[in-house]
Amino acid sequence: MRRRLNQLSIDDTTRAKKEIGCEEAEQLVRDRLSMAKRNAEIYGVSQRIEFVHADVMEAYRKLSFDALNIDPPWGGPEYVEKARVGWRGFSPNPLPLIRNAINSRIAVAVGLPANFSEGELRELPAETVMRESWDATRVLFRTAYYPPVG
């Protein structure tokens with residue numbers, strides 16, 4: 001029998017709410033949630049996934065899960081023109097949520113742009129595993145994997 005893996009994925013719309021308005025941002029979230037549900041059906045895993053549309057900081061405390069996946073938009077297309085981006089440049093700052101998850105023995109994966117500040121990465125556990133995705137000449141993005149503490 002397959003064990004159910006509970007994973008919390010975050011799709012933040014704070015920036016979208018500021019740029020396109022609350023109603024449009026809420027519709028964007030509903031559309032993305034529908035796409036995620038459809039993809040789960042296509043791959044035959046929909047019975048093993050619970051989809052929740054809620055404020056992550058409120059839902060986090062109420063849900064039980066084994067893994068946390070954060071892949072934020074990092075500020076829209078203009079982030080690539082910045083020399084460095086980091087936790088504090090993203091709203092809301094995901095760092096407190098990441099720390100809580102790690103300390104609660106939950107594995108965390110975070111999608112990061114290629115220009116993410118290496119200094120800010122050192123704010124998290126030394127056990128962090130970093131993977132880079134390259135094209136022929138450059139880093140396209142990074143994924144940081146933080147193992148649960150304890």
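**Exercise 1. Write out the order of the elements in the chain.**

From the N terminus on, the elements run β-α-α-α-β-α-β-α-β-β. The count is five helices and five strands. Helices (H or I, at least four residues) and strands (E, at least two) are DSSP runs, numbered from the N terminus. The model is predicted: local features need pLDDT of at least 70, side-chain atom pairs count only at pLDDT 80 or more, and totals for chains, interfaces and linings use all residues. Residues are numbered from 1 along each chain as its sequence is written, and side-chain values use heavy atoms, with hydrogens and water left out.

**Exercise 2. Find the largest nonpolar core and the elements that build it.**

Step 1. A nonpolar core is a set of buried Ala, Val, Leu, Ile, Met, Phe, Trp, Tyr and Cys residues joined through side-chain atoms within 4.5 Å. Buried means under 20% relative accessible area (1.4 Å probe, protein chains only).

Step 2. The largest such core has 21 residues, and Leu68, Trp87, Ile98, Val108, Val110 and Tyr146 have the most contacts inside it.

Step 3. Two or more residues each come from H3 (56-62), S2 (67-70), H4 (95-103), S3 (107-113) and S5 (139-146). H4 gives the most, with five residues.

Step 4. Contact means heavy atoms within 4.5 Å. Not counting residues up to four places away in sequence, Tyr146 touches residues including Trp87, Ile98, Val108 and Val110.

**Exercise 3. Work out how the buried residues of H4 are arranged.**

Step 1. Leu95, Leu97, Ile98, Ala101 and Ile102 are the buried residues of H4.

Step 2. Seen down the axis of H4, these residues fall within an arc of 160°, so they line one face of the helix. The arc is that of the directions from the helix axis to the C-beta atoms.

Step 3. Arg105, with a positive phi near 65°, follows H4.

Terms used:
Buried < 20%, exposed > 50% of the residue type's maximum accessible area, 1.4 Å probe, protein only.
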